Every structure is written in structure tokens, then in C-alpha cells.
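Got the viewer open? Let's take a walk through this one, a stop at a time, with something to select at each.

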Amino acid sequence: MALWITDECINCDVCEPECPNDAISLGELIYEIDPGRCTECVGHFDEPQCVQVCPVSCIPVNPAHVETPAQLLAKFVRLHPDRSPAPATTAAAAAEPASVPPAATAPFGADRSRAPVAPTVPSGPGGKSPSTPPSAAPARS
Ligand code: SF4
Ligand code: SF4
């Protein structure tokens with residue numbers, strides 16, 4: 001997916017120079033992302049650079065522009081025909097499509113009815129667990 005900027009943007013101007021695809025520009029009221037140029041930074045970096053620097057976390061994925069990593073990589077090639085993509089992002093593009101929901105890749109094999117094992121809370125001095133509130137104690141079956 002391309003990313004988009006919500007109306008929580010404070011026009012701080014930090015993200016625009018960080019975009020390797022020149023996909024960010026000042027719109028009528030706030031900064032905007034051109035979905036035709038945003039690759040989620042695939043081909044350049046492991047993480048979206050605008051998201052990394054935004055001080056108010058107002059850059060979510062754009063559900064109107066669903067794209068797989070391979071499609072994002074193809075967009076990178078279209079935008080930068082004379083450049084090679086960064087190896088790490090190429091590997092990501094060869095993996096599962098971004099649209100696959102997390103549950104489909106859950107590490108519990110075919111038995112998805114299994115619940116994750118609750119982490120063990122180490123006991124403090126004297127057998128107490130001072131950092132664990134009563135409500136957070138694992139339920140017994
Ligand atoms: S995710 Fe990357 S390519 Fe997309 S707008 Fe942000 S900085 Fe630019
Ligand atoms: S970094 Fe965030 S708040 Fe600043 S201009 Fe970009 S989207 Fe808006």
C-alpha cells in the first residue's frame with residue numbers, strides 16, 4: 001500500500017525531504033503523499049522513512065491503494081529505472097504479499113486453536129512479584 005497523511009498533520013515539514021521518491025508535497029492545507037510515487041520506501045529502506053520521522057504519527061497505510069511488496073518494488077523500478085533496489089527490500093518483495101493478514105502467518109502450525117503461552121514472570125526477592133499487578137497474573141485452567 002501507499003501511505004497517506006491524515007488531517008492530524010501539523011505541517012512540520014520534516015517528512016518531505018526524507019522521502020526517496022519525492023512522493024510528499026505540501027497540499028492545499030497539509031502535506032500529502034502521491035500514491036503513484038509512494039513505495040512504502042521499498043527499494044530504498046527497510047522502513048517507511050516518513051513514518052520514522054513524523055512527530056505526531058499521522059502517516060498510516062492507505063487502504064485505497066493496496067499493493068503487494070512485489071508491486072511496490074515494480075513501482076520503484078518504474079520510478080528509478082537506472083537504479084538497483086536495496087537487497088533487503090528485494091528480499092521483502094519476494095516474501096508473502098503485504099495484504100496477507102497476520103493471522104494467516106501465525107506461528108502455531110495447523111492448530112490455530114492453541115493460545116500463546118503466557119510469559120513467565122520472574123519472582124522478586126522473597127518470592128514476590130512486585131512488578132506484576134494482580135489482574136495481569138496468568139489465569140489457571
Ligand atoms: S513511505 Fe517512503 S516513499 Fe512513501 S511517502 Fe513515506 S518516505 Fe515517501
Ligand atoms: S512529519 Fe508528519 S506532521 Fe510533519 S509534515 Fe510530515 S506528515 Fe505532517
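Helices (H or I, at least four residues) and strands (E, at least two) are DSSP runs, numbered from the N terminus. This is a predicted model, in which local features need a pLDDT of at least 70 and side-chain atom pairs count only at pLDDT 80 or more, while totals for chains, interfaces and linings use all residues. Residues are numbered from 1 along each chain as its sequence is written, and chains are lettered from A and ligands numbered from 1 in the order in which they are written.

**Colour by confidence**

Start with pLDDT, the predictor's confidence in each residue, from 0 to 100. The protein averages 75, and 61% of the residues score at least 70. Confidence peaks in β1 with 98 and is lowest in helix α3 (residues 87-94), where the mean is 62. Now select residues 96-141: pLDDT stays under 50 there, and the model has 19 contacts for this stretch beyond four places in sequence. Two residues are in contact if their C-beta atoms, placed from the backbone, lie within 7 Å.

**Switch to cartoon**

You should find 3 helices and 2 strands, in the order β-β-α-α-α from the N terminus. Of the contacts with a separation of 6 or more, 66% are between residues 24 or more positions apart. As for burial, a residue is buried if 20 or more other C-beta atoms lie within 10 Å of its own, exposed if 12 or fewer, and partly exposed in between, with C-beta atoms placed from the backbone. Buried residues make up 21% of the 141 residues.

**Select the two ligands**

Show what is near each ligand, meaning residues whose C-beta atom, placed from the backbone, lies within 6 Å of it. Which residues come closest to ligand 1? Of the 14 that surround ligand 1, they are Cys-19, Cys-38, Cys-41, Pro-48 and Cys-50. To sort the shells, count Ala, Val, Leu, Ile, Met, Phe, Trp, Tyr, Cys and Pro as nonpolar, Asp, Glu, Lys and Arg as charged, and the others, Gly among them, as polar. The shell around ligand 1 then has 9 nonpolar, 3 polar and 2 charged residues.

Hop over to ligand 2. It has 14 residues around it, with Cys-9, Cys-12, Val-14, Cys-15 and Cys-54 nearest. That shell splits into 12 nonpolar, 1 polar and 1 charged.

**Check two backbone angles**

Most residues other than glycine have a negative phi. Select Cys-41, in the loop between β2 (31-33) and α1 (49-53): its phi is positive, about 70°, although it is not a glycine. Cys-41 is buried, with 24 other C-beta atoms within 10 Å. Next pick Asp-13, in the segment before β1 (24-26), where phi is also positive, at about 75°. Asp-13 has 10 C-beta neighbours inside 10 Å, so it counts as exposed.

**Into the cores**

A nonpolar core is a set of buried Ala, Val, Leu, Ile, Met, Phe, Trp, Tyr and Cys residues joined through C-beta atoms within 7 Å. The largest one has 13 residues, and Leu-3, Cys-15, Ile-24, Ile-33 and Cys-50 have the most contacts inside it. A second, separate core of 5 residues includes Cys-41, Val-42, Leu-72 and Leu-73.

Go back to Cys-50 and show its contacts: leaving aside neighbours within four places in sequence, they are Leu-3, Cys-15, Glu-18, Cys-19, Ile-24 and Ile-59.

**Look down helix α2**

In α2 (residues 69-79), the buried residues to highlight are Pro-69, Leu-72, Leu-73, Lys-75 and Phe-76. Seen down the helix axis, they fall within an arc of 155°, so they line one face of α2; the arc is that of the directions from the helix axis to the C-beta atoms.

Now find Arg-37, in the loop between β2 and α1. Its C-alpha is separated by 7.4 Å from that of Lys-75, 38 residues apart along the chain. Beyond four places in sequence, Arg-37 touches Asn-21, Asp-22, Ala-23 and Leu-79.

**Finish at Ile-5**

Is Ile-5 buried or exposed? Ile-5 is buried, with 20 other C-beta atoms within 10 Å. It lies in the segment before β1, and its C-alpha is 6.8 Å from that of Tyr-31, 26 residues apart in sequence. Among its contacts beyond four places is Ile-30, in the loop between β1 and β2. Ile-30 is partly exposed, with 14 other C-beta atoms within 10 Å.
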